[in-house]
Amino acid sequence: MTTCFVLASKSPARLRMLRSAGIEPVVIASGADESHLRGEDAVAMTARLSRLKAHSVIESGALEEYPADRMIVVACDSVLNLDGRILGKPHTAERARQWWRRMRGHQGVLVSGHHVAVIVNGQLREQTRIGQTVVTFADLTDAEIDAYVDSGEPAAVAGAFTIDGLGGAFITHPHNVTGISLPLLRQMLMDLDVEWSSLWNGPKGGHLG
């Protein structure tokens with residue numbers, strides 16, 4: 001059975017995580033509207049958006065370029081819950097700076113929605129799950145915040161931080177926050193009758209048949 005594994009995300013961190021686990025995915029960025037709905041909490045928001053992203057790719061027709069017996073589409077969405085306030089992507093340097101002045105020396109919860117869709121012979125099976133990780137931020141100085149913001153890295157990432165880039169030194173716990181949980185993803189795929197090792201097609205895992 002031939003398999004095409006699609007990552008419905010342009011996140012470099014998620015791509016690196018999958019590659020490190022032996023999976024070389026096809027990357028198809030979703031064009032879904034990521035707006036926050038009024039009254040929606042972080043769990044509901046990330047669950048809805050991860051599903052929306054997956055279906056946006058499935059319904060776009062882009063999968064037709066990658067014929068396979070089994071199509072797997074994985075989409076994720078992450079936000080930081082900081083004392084009940086949902087922080088997505090700041091987009092601007094000034095907003096990232098404001099957020100970091102609130103976050104430094106405090107804890108937040110990174111909430112990541114995961115949606116997995118498996119399509120075999122035109123039949124779709126899917127599920128959505130949420131991963132949550134407590135993140136502890138170092139007590140940065142104003143100069144450190146300014147330098148980090150000026151690097152441009154925080155503007156386009158959830159919560160205005162990354163763990164696998166320049167921001168890695170500013171997160172005291174944990175050291176594996178990337179917006180995708182491989183153990184959770186493995187369990188979701190197992191529930192959909194997909195064996196994790198059958199997906200190994202990268203340099204570390206050989207090739208799919």
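Here are four exercises with worked solutions on this predicted model.

**Exercise 1. The largest nonpolar core**

Find which residues of the largest nonpolar core touch the most other members, and which elements supply the core.

*Solution.* Start with the membership: the core has 21 residues, and Phe-5, Ile-72, Val-116, Leu-185 and Leu-189 touch the most other members. Next, turn to the secondary structure. At least two residues come from each of strand 1 (3-7), helix 1 (12-20), strand 3 (70-82), strand 5 (107-120) and helix 5 (182-191). Helix 5 gives the most, with five residues. Now zoom in on Phe-5: setting aside neighbours within four places in sequence, its contacts include Leu-18, Ile-23, Ile-72, Leu-185 and Leu-189. Finally, look beyond this core: another one, of 20 residues, lies apart from it, with Ala-96, Leu-110, Leu-140 and Phe-161 among its members.

**Exercise 2. Cys-4 and Cys-76**

Work out why Cys-76 is not bonded to Cys-4, and decide whether each cysteine is buried or exposed.

*Solution.* First, recall that a disulfide is a covalent bond between the sulfur atoms of two cysteines. The test asks for two cysteine sulfur atoms within 2.5 Å. The sulfur of Cys-76 has its closest cysteine sulfur in Cys-4, 16 Å away, so the two are too far apart for a bond. Cys-4 is accordingly in no disulfide, and the count for the model is zero. As for exposure, the threshold for buried is under 20% relative accessible area. Cys-4 has 7% and is buried; Cys-76 has 0% and is buried too.

**Exercise 3. Helix 3 against helix 4**

Describe how helix 3 and helix 4 cross, and which residues meet there.

*Solution.* Begin with the geometry: the axes of helix 3 (residues 93-103) and helix 4 (residues 142-150) come within 10 Å and cross at roughly 145°. The crossing is right-handed. Then list the partners. Helix 3 brings Ala-93, Ala-96, Arg-97, Trp-100 and Arg-101, which meet Asp-142, Ile-145, Asp-146, Tyr-148, Val-149 and Asp-150 of helix 4. Sorting these residues by character gives six nonpolar, no polar and five charged.

**Exercise 4. The surroundings of Gly-113**

Place Gly-113 in its element and find which residues it is in contact with.

*Solution.* Gly-113 lies in strand 5. Check its accessibility next: at a relative accessible area of 0%, Gly-113 is buried. Leaving aside neighbours within four places in sequence, the contacts of Gly-113 are Thr-46, Ala-47, Ser-50, Ala-75, Cys-76, Asp-77, Arg-129 and Ile-130. To finish, take a distance across the model: Gly-113 and Asn-201 are 88 residues apart along the chain, and their C-alpha atoms are separated by 25 Å.

Notes
Residues are numbered from 1 along each chain as its sequence is written. This is a predicted model: local features need pLDDT of at least 70, side-chain atom pairs count only at pLDDT 80 or more; totals for chains, interfaces and linings use all residues. Side-chain values use heavy atoms; hydrogens and water are left out. A nonpolar core is a set of buried Ala, Val, Leu, Ile, Met, Phe, Trp, Tyr and Cys residues joined through side-chain atoms within 4.5 Å. Buried means under 20% relative accessible area, exposed over 50%, partly exposed in between (1.4 Å probe, protein chains only). Helices (H or I, at least four residues) and strands (E, at least two) are DSSP runs, numbered from the N terminus. Contact means heavy atoms within 4.5 Å. Axes are lines fitted to C-alpha atoms, for helices over the stretch in contact, and angles run from 0 to 180 degrees between N-to-C directions. A crossing is left-handed if the near helix is turned anticlockwise from the far one by less than a right angle, and right-handed if clockwise. Ala, Val, Leu, Ile, Met, Phe, Trp, Tyr, Cys and Pro count as nonpolar, Asp, Glu, Lys and Arg as charged, and the others, Gly among them, as polar.
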